[in-house]
Amino acid sequence: MKLPDKIYDVLKWVVMIVIPALATAYVGMAAIWGWPYAGEVSKTAAVICTLLGALLGISTAQYNKDN
């Protein structure tokens, strides 16, 4: 499974920056404003980041193997 460079770059940015930042912002705001499901949101974000990170790792390994 090889991803095109553009898709790889976007997914890497989403996994490393966007999802953790959004989850952290929600958890922080939930503590301040009493929003529900802060724990569930942070755990879901961790699961999604792990899954996407694994897929990116597979793509990177395939790319390095071919080059």
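**Two helices, an aromatic pair and a nonpolar patch**

In this predicted model, the buried residues of helix H2 are Ala45, Cys49, Leu56 and Ser59, and helix H1 is included in what covers them. Helix H2 runs over residues 38–66, and its length can be checked against expectation: at 1.5 Å a residue, its 29 residues should span 42 Å, and since the C-alpha atoms at its two ends are 42 Å apart, the two values agree.

Helix H1, which takes part in that cover, comprises residues 5–33, and methionine 29 lies within it. With a relative accessibility of 33%, methionine 29 counts as partly exposed, because that category takes in values between the 20% limit for buried residues and the 50% limit for exposed ones. Methionine 29 also contributes to a nonpolar surface patch of about 470 Å², which is made by Met29, Ile32, Trp33 and Trp35.

Trp35 leads from this patch to the aromatic contacts of the model, where the structure holds 1 aromatic pair. The partners are tyrosine 26 and tryptophan 35, whose ring centres are 5.4 Å apart and whose planes meet at 40 degrees, so the pair is classed as tilted; the reasoning is that planes under 30 degrees apart would count as stacked and those over 60 as edge-to-face, with the rest being tilted. As for their exposure, tyrosine 26 has a relative accessibility of 24% and therefore counts as partly exposed, while tryptophan 35, with a relative accessible area of 38%, is partly exposed as well.

Notes
Residues numbered from 1 in each chain as written. Predicted model: local features only at pLDDT ≥ 70, side-chain atom pairs only at ≥ 80, totals over all residues. Heavy atoms only, no water. Phe/Tyr/Trp six-rings, centres within 6.5 Å; stacked < 30°, edge-to-face > 60°. Buried < 20%, exposed > 50% of the residue type's maximum accessible area, 1.4 Å probe, protein only. Patch = residues over 30% accessible without salt bridge, like charges linked within 9 Å, V, L, I, M, F, W, Y side chains within 5 Å. Areas by Shrake-Rupley, 256 points an atom, 1.4 Å probe, with all protein chains shown as cover. Salt bridge = Lys/Arg side-chain N within 4 Å of Asp/Glu carboxyl O. Helix = DSSP H or I, 4+ residues; strand = E, 2+ residues; numbered from the N terminus. Expected span 1.5 Å × (residues − 1). Contact = heavy atoms within 4.5 Å.
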